[in-house]
Amino acid sequence: MNIADIATGTGIWLNEVQTTLGDIPVNKSRYYHGFDISDAQFPFSTEEVQYSIQDALSPFPAQHLNRYDLVHVRLLVGAIQASDFEVIVANLMKLLRPQGYLQWTEIDIDTFLEGNTKKYPEFADMVQPIFSYAERHTMSTRPSEQPGVEICVVVAQKPNGAGD
Ligand SMILES: C[S@@+](CC[C@H](N)C(=O)[O-])C[C@H]1O[C@@H](n2cnc3c(N)ncnc32)[C@H](O)[C@@H]1O
């Protein structure tokens, strides 16, 4: 199983996933790759977990195409324009194997507040482009399993037989 984390920062999410999955024995190898526009926070790479500098807005190197079962993104909306979604999601879909999943998670503070007060509309504004993108592309969205803490957007499952 291969998992990629985009805008990985310190690699904290990859590290948690590697630890969690590490408790589940499998006879296939696992490979994790973190990408970020900056290597300032990268931990050391290992054979199983590697990191590389990559702008999500630019095409990814050929060795990463059609390679991943899961491509994950978290907390990126603050650094991109709403109009960047088209290019970024297209780039990330190319990383997936057929039937692989793209999962994009962002914070929605308003939902976290009791009564959904709309006290922090700037967060809602930042995440809105994800929902409108998903709607335009008939992709599924769902809330996080921790209600109110985050929104978790399962943007897409790459169709079987699709090329990159
Ligand atoms: C708020 S941090 C999130 C880090 C990590 N995803 C997490 O959840 O801990 C945002 C990260 O996005 C990265 N970033 C910003 N613009 C980017 C881009 N165009 N392509 C890739 N990474 C980008 C930043 O360098 C930073 O590490």
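Phe35 and Phe60 are both buried. In this predicted model, the two rings sit with their centres 5.0 Å apart and their planes at 80°, so they make an edge-to-face pair. The pair ties together distant parts of the chain: Phe35 belongs to strand E2, while Phe60 falls in the loop between strand E3 (49–53) and E4, 25 residues apart. A further aromatic pair is formed by Phe42 and Tyr51, and this one is tilted, at 5.3 Å centre to centre with 35° between the planes. Phe42 and Tyr51 are buried too. The count of aromatic pairs comes to three.

Stepping back to the whole chain, the secondary structure amounts to four helices and seven strands. Followed along the sequence, these elements run β-α-β-β-β-α-β-α-α-β-β. The chain has 164 residues, and 40% of them count as buried. As for how far contacts reach along the sequence, take those with a separation of 6 or more: 65% of them join residues 24 or more positions apart.

Now for the interior. In soluble globular proteins, nonpolar side chains tend to be buried together. Here the largest nonpolar core holds 25 residues, and those with the most contacts inside it are Ile6, Val71, Leu92, Leu102 and Trp104. Several elements feed into this core, with at least two residues coming from each of strand E1 (2–6), strand E2 (31–36), strand E4 (68–74), helix H2 (85–95), strand E5 (96–107) and helix H4 (121–136). H2 gives the largest share of the core, namely six residues. Val71 shows how the parts meet: leaving out residues up to four places away in sequence, Val71 touches Ala4, Ile6, Leu92, Leu95, Leu96, Tyr101, Leu102 and Gln103. Another core, of ten residues, lies apart from the largest one, and its members include Leu21, Tyr32, Val49 and Tyr51. Tyr51 thus turns up again here, having already appeared as the partner of Phe42 in the tilted pair.

Strand E1 also carries a polar residue worth a look, Asn2. With a relative accessibility of 11%, Asn2 falls under the 20% cut-off and therefore counts as buried. Once its neighbours within four places in sequence are set aside, Asn2 is in contact with Tyr31, Arg67, Tyr68, Asp69, Leu70 and Arg97.

The loop between E1 and helix H1 (12–22) is the next stop, and Ala7 is found there. Although Ala7 is not a glycine, its phi is positive, at about 60°. Its relative accessibility is 23%, so Ala7 counts as partly exposed. Gly11 lies in the loop between E1 and H1 as well, but Gly11 is buried, with a relative accessible area of 1%. From Gly11 to Asp36 the distance is 9.4 Å, C-alpha to C-alpha, across 25 residues of sequence. A second link of this kind involves Ser38, whose C-alpha atom is separated by 7.8 Å from that of Gly9, 29 residues apart along the chain. Ser38 itself lies in the loop between E2 and E3 and is partly exposed, at 32% relative accessibility.

Ala7 comes back in the description of the second largest pocket, which has a volume of about 170 Å³. The pocket is lined by 13 residues, of which the closest to its centre are Ala7, Ile37, Asp55, Ala56 and Leu76. By residue type, the lining divides into ten nonpolar, one polar and two charged.

One more backbone detail concerns Gln99, whose place is in strand E5. Phi of Gln99 is near 75°, again a positive value in a residue other than glycine. Gln99 is partly exposed, with a relative accessible area of 45%.

Terms used: Residues numbered from 1 in each chain as written. Predicted model: local features only at pLDDT ≥ 70, side-chain atom pairs only at ≥ 80, totals over all residues. Heavy atoms only, no water. Core = buried A, V, L, I, M, F, W, Y, C linked by side-chain atoms within 4.5 Å. Buried < 20%, exposed > 50% of the residue type's maximum accessible area, 1.4 Å probe, protein only. Contact = heavy atoms within 4.5 Å. 1 Å grid on protein atoms, 1.4 Å probe; cavity = no way out; pocket = protein on both sides within 12 Å on 5 of 7 lines; lining within 4 Å. Points joined across faces, edges and corners; volume = space filled by probe spheres on them. Nonpolar A, V, L, I, M, F, W, Y, C, P; charged D, E, K, R; others polar. Phe/Tyr/Trp six-rings, centres within 6.5 Å; stacked < 30°, edge-to-face > 60°.
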